[in-house]
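Visitor: I've got a fresh model open and would like to poke around its side chains. Could you show me what's on screen?

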Amino acid sequence: MKPISIDTFRQYRFLSEATLSADGRRCVFTVSRSNDEGTGYTHDLYCYDFSSCRCRQLTSSGDVRGFLFEDDTHILFPADRDQQAKKAAAEGKTLTSYYRLSLEGGEARKAFSLPYRVTSLKKLDDQWVLALISKDLNEISVENLQGQELKKALKQREEEKDYEVLDELPYWFNGRGFINKIRTWAVLFNVQTRQSRFLSPSLMDVRQCEISPDGTRIAFAGPLYDSMNNQTSVLMVTEVASGQTTTLIEDGQWSIGNLGWMNGNLVISATDQKTWGSSENQKLYTVDVASGAMTLLCGEDLSLGSSVGSDARLYGGRSWKVVNDELWLLLTWDNHSELTVIDAQGHRRSLHGGEGSVDFFDSAGGRTVLAGMRQMKLQELYELQDGQMKQLTFFNEAVLQDRYVAQPQKLSFINSDGVRIDGWVLKPIHYNETGSYPAVLDIHGGPKAAYGEVFMHEMQYWASQGYFVFFCNPRGSDGRGNEFMDLRGKYGTVDYADLMEFTDRVLEAYPAIDPARVAVTGGSYGGFMTNWIIGHTDRFVCAASQRSISNWFSKSLTTDIGYYHNMCQMDSTPWSDPEKMWSFSPLKYADKAVTPTLFIHSDQDYRCWMAEALQMFQALKLHGVATRICLFHGENHELSRSGKPIHRIRRLKEITRWFDRYTGNQSDLQLEQE
């Protein structure tokens, strides 16, 4: 049985965007993989034909994503392949070209271009498309300029690159960079006449946009702000024929997460965040398009979407759709995610069962497909039939064949407060119960996320290097309702207790683990908890703190979600209760730390800015603790999941070598160094 290698993930295939044709005969989806150099990922389209039960590759250029069906036999996708686009770019103008590809065969041909930076596209009819476009309100316009005027404007643009002028919150966002005065607009565009109709206000940032089934109305929602995004949404509806726009929900009360048309009205997920704060689970409402009246459709405490974490995914797809006037959506339950239906009366029914994750789905023409990670496999495409999943694709079968995939051993317990905590243990390769092994406690991010029985490359790699790996869902995790999730004003208390008690239970259940050779790691919230742990116990032989949080003052006042989410989670601000906020900061306890600690961070991580790692690293240095930091240039908060493959390998090397050094484990990396 071969081990999982540090770079085995470069052979994985990552699925996304699975979409059925309206007649349900074909499913088109994106398959991504590491490029040969390891500097990025390639993306190509595939089609599964249900008539022939065959899957074939549609594109091979390695740069195709963001497609849509034009009709049952043609798709449209954006690409930069013609001289017109290159000429526009040279003149500082924006142009997004779409190409048409027949699913019956043949080459892709240019269909039309939009003079905007298009982020998504929907078809309204044979002439009009609905586009979401990215617009920089501060950018110097070069439209309709030529000659010297164009050169002057381009020169001004170039000069402005030397400055960042900020007058909004948030002013940057992880994965996007600086976003000050950047908005997403909803635009109707006529592909024949090239006429544009702008639907949304200029200061609105459209997050959701849906066309009614009869094509007569368009609903869109998102924040509308000039100085500070207060995380609430405006909901508007435009009559296509008249162009009249009506505001159904005013700004200032509801945060809207999803949007759809059902029974002639709207169905949304929304929360006022008044009971459980910024992490509150959204409820389901219908909105009358005539009056704007909201009616509760389903008041259950549901965790919408799939929160089951893995580092073996790259992108996503649909998690919400109205099908035959019923709402289909993904929900996280306990430690798995599943596809669920809510009918017009608010009654819920699950369409399948089982552990693992459903990552995205689509349903059309009486057929339902979904992509998921089941039975400790990597992502594949499945068809849902009578509650059972029929596997359609086998992209990742070969890469795991004859390799050691550790099966999670579930370890649940009732903690000292009478609350059930679920966890799992992975046994090391060539496990012998009479042996003695090092181990790693791996803590998930969020904290509103969940571990489950899905494939995690880093965990499987460590198991293949001779480590036990154990992980759990402490209080604060997703999938078990608001009360279990709520950690406001409790970070580092009940969650810390759950993790330590879980560690005790694992060591008791698996005596082959050497308690003097146990390491701890985690990212984001898991990095916060790693920092917290080293300041409160010396039971771990070493630690690896990734994209972490050390100081809630700097976290709240520098990061993209800090000003609203983190202050809410601390149940305090730097002014209302600075002592409380400082008491939740791991940096306060750095002088108590003795555990050798590695820090992994990225210099474009705007979710947990690099100052968090640098502060903690310097504090440990000042107090004589063995420490090291590896800072990745050009990466963001998603380094471990979608960073450059060569950087993901270096990250795992840094962590594993750190573990090997202090646990005495003889991994392949240590032998390689020697």
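Visitor: Is Lys 592 buried or exposed?

Guide: Bear in mind that this is a predicted model, where local features need pLDDT of at least 70, side-chain atom pairs count only at pLDDT 80 or more, and totals for chains, interfaces and linings use all residues. Residues are numbered from 1 along each chain as its sequence is written, and side-chain values use heavy atoms, leaving out hydrogens and water. Lys 592 has a relative accessible area of 55%. Since the cut-offs are under 20% for buried, over 50% for exposed and in between for partly exposed (1.4 Å probe, protein chains only), Lys 592 counts as exposed.

Visitor: Which residue does Lys 592 form a salt bridge with?

Guide: A salt bridge here needs a side-chain nitrogen of Lys or Arg within 4 Å of a carboxyl oxygen of Asp or Glu. The closest N and O atoms of this pair are 3.3 Å apart. The partner is partly exposed, with a relative accessible area of 40%, and its name is Asp 591.

Visitor: How many salt bridges does the structure hold?

Guide: There's more going on than that one pair: Asp 167, Glu 168, Lys 181, Arg 183 and Asp 226, for instance, are linked in a network of salt bridges. For the structure, the number of salt bridges is 34.

Visitor: How far apart are the closest N and O atoms of Arg 475 and Asp 417?

Guide: Arg 475 and Asp 417 form a salt bridge, with closest N and O atoms 3.0 Å apart. The pair links distant parts of the chain, 58 residues apart: Arg 475 is in the loop between strand 34 and helix 5, Asp 417 in the loop between strand 31 and strand 32. (Helices, H or I with at least four residues, and strands, E with at least two, are DSSP runs numbered from the N terminus.) Arg 475 is buried at 12% relative accessibility while Asp 417 is exposed at 51%, and the N to O distance between them is 3.0 Å.

Visitor: And which residue meets Arg 607 in a salt bridge?

Guide: The N to O distance in that one is 2.8 Å. The pair links parts 47 residues apart, with Arg 607 in the loop between strand 37 and helix 11 and its partner in the loop between helix 8 and helix 9. Both residues are buried, and the partner of Arg 607 is Asp 560.

Visitor: On to rings. How many aromatic pairs are there in the whole structure?

Guide: Rings of Phe, Tyr and Trp (its six-membered ring) pair if their centres lie within 6.5 Å; planes under 30 degrees apart are stacked, over 60 edge-to-face and the rest tilted. A search of the whole structure gives a total of 37.

Visitor: Which residue forms an edge-to-face aromatic pair with Tyr 46?

Guide: The two centres are 5.2 Å apart, with 85° between the planes. Tyr 46 lies in strand 3 and its partner in the loop between strand 30 and helix 3, so the pair ties together parts 349 residues apart in sequence. Tyr 46 is buried at 16%, whereas the partner is partly exposed at 23%; that partner is Phe 395.

Visitor: Is the pair of Phe 413 and Phe 502 stacked or edge-to-face?

Guide: The centres are 6.3 Å apart and the planes differ by 10°. Phe 413 lies in strand 31 and Phe 502 in helix 6, so the pair ties together parts 89 residues apart in sequence. Both rings belong to buried residues, and the pair is stacked.

Visitor: Which residue lies over the face of Tyr 315?

Guide: To count, NZ of Lys or CZ of Arg must be within 6 Å of the ring centre and within 35 degrees of the ring normal. Here the distance from the ring centre is 3.6 Å, and the residue is Arg 65.

Visitor: How many disulfides does the structure hold?

Guide: A disulfide needs a pair of cysteine sulfur atoms within 2.5 Å. The structure holds zero. For Cys 472, the nearest cysteine sulfur, that of Cys 542, is 18 Å away. Cys 472 is buried at 2% relative accessibility, and the number of disulfides stays at zero.

Visitor: Last one: which are the edge strands of the sheet?

Guide: Eight strands form an open sheet of mixed pairing, in the order 31-32-34-33-35-36-37-38, where two strands pair if DSSP finds at least two bridges between them. Each edge strand pairs on one side only, and the two are strand 31 and strand 38.
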